[in-house]
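Subject: Structure handover

Hi,

Here is the structure we talked about. Please load it first, then read the notes below.

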Amino acid sequence: MMIIGGPSSQLLAGRVAGLMGEDLALCDYRHFPDGEAYTQILSDLDEEVAVIQSTPTDRDIIYLLQLLDICKDSRVSLVIPYFGYARQDKIFQPGEPLTARAVAQALNPFLEAGRVFTVNIHAPSVLDHFSSPARNLDATLLLADKIRDLDLRDPVIISPDKGAVRMARSAAEHLGAEYDYLEKTRHSGSEVSMAPKEIQVNGRDLVICDDMIATGETMATAIALLRRQGARRVYLAAVHPVLTGSAILKLYRSGVEAILATDTLDRGVSTISVAPLIAETLRS
Ligand code: R5P
């Protein structure tokens, strides 16, 4: 199987190819002066290929379509470690598109004999829009293993909202720690408020777990709230470090101790690799 790393997943693709002992294709990614994306795969393709490309931006979706078009004669395993638009998984207001479905359906024609994998996709229901077998991989325990190395005092694993409780519970059970969640209300794309739950955090070390950190607003609000309640050290653990704009500054201004995240997106905080998870899945 040849591994093809899209422009937003080059490091991860390299790691996966290394773990699997498979060839990593040489690709060229550029864009024309008018902004249109240009892709070329310079290696000869195998009958079976794994395309690995996260889609944090619209252009990344175009690069992915271009890669799949080049691979149309191969059997494709498509890995989208971070699936952008997964938060647009419903029609919230009349006149809106179901964008996650539109993206999946744009990819479907290239995947007739293929399969799809995502990692901690925000809404697993999005996978139903793929016409080929689609599976979501869970990186929570990779995060939990890293949390174990932090040597925390009387830790609590906290979800900033009900949506990530399963993740917090699974990490907590792995670590033998307690878990809880905060009640979150989102007022707009970047404005979030939280009400405390019945958790005793005074003097304890906390890890707030979520699938992603985007603007950082959710996490910054949670950190400030928990520190006001007397938390000792507050760490963040997220699968996808989207980290738009000044998210990192916001988080450090709120008093975060450290940010743990995976390489589904290649950022400075991506110290945990999901490559073993992907390599094992592709092998099977
Ligand atoms: C929302 O339900 C997600 O799980 C995250 O909590 C959210 O998307 C994070 O976004 P932000 O960092 O912009 O608050």
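Two strands count as paired if DSSP finds at least two bridges between them. By that rule β6 and β7 pair, in the parallel sense, over four bridges. Keep in mind that this is a predicted model.

**Around β6**

Strand β6 covers residues 115–119, and four of its five residues are buried, so the rest of the structure largely encloses this strand. On the β7 side, F117 stands opposite R135. β6 also pairs with strand β5 (residues 75–80). That pairing is parallel too, over four bridges. Here V79 has F117 as its bridge partner in β6. How does the chain get from β5 to β6? It crosses through helix α3 (residues 99–107), and this β-α-β crossover is right-handed.

**The largest pocket**

The volume of the largest pocket is about 1,000 Å³. Its lining counts 32 residues, and H122, D161, G163, D210 and D211 are the closest to the pocket centre. Several elements give two or more residues to this lining: β7 (134–137), α5 (165–175), β10 (183–186), β12 (206–213) and α6 (217–228). Which of them gives the largest share? That is β12, with four residues.

By class, the lining of the largest pocket has ten nonpolar, eleven polar and eleven charged residues. Both domains take part. Domain 1 (2–138 + 273–283) and domain 2 (140–263) each supply at least three lining residues.

**The second largest pocket**

The second largest pocket holds about 210 Å³ of space. What lines it? One stretch is T55, P56, T57 and D58. Y82 is there as well, and so are G84, Y85, A86, R87 and Q88. V242 completes the lining. The classes here are five nonpolar, four polar and two charged residues.

**One more residue: Y235**

Y235 sits in strand β13 (residues 234–241). Is Y235 buried or exposed? Its relative accessible area is 6%, and the cut-off for buried is under 20%, so Y235 is buried. Along the chain, Y235 and L150 are 85 residues apart. In space, their C-alpha atoms are separated by 9.4 Å.

**Where to look**

For the strands, start at F117, which has V79 as bridge partner in β5 and R135 opposite in β7. For the largest pocket, start at the residues closest to its centre, including H122 and D161.

Best wishes

Definitions and conventions. Residues numbered from 1 in each chain as written. Predicted model: local features only at pLDDT ≥ 70, side-chain atom pairs only at ≥ 80, totals over all residues. Heavy atoms only, no water. 1 Å grid on protein atoms, 1.4 Å probe; cavity = no way out; pocket = protein on both sides within 12 Å on 5 of 7 lines; lining within 4 Å. Points joined across faces, edges and corners; volume = space filled by probe spheres on them. Nonpolar A, V, L, I, M, F, W, Y, C, P; charged D, E, K, R; others polar. Domains from an automatic or database assignment. Buried < 20%, exposed > 50% of the residue type's maximum accessible area, 1.4 Å probe, protein only. Right-handed = clockwise from strand over helix to strand, strands pointing away.
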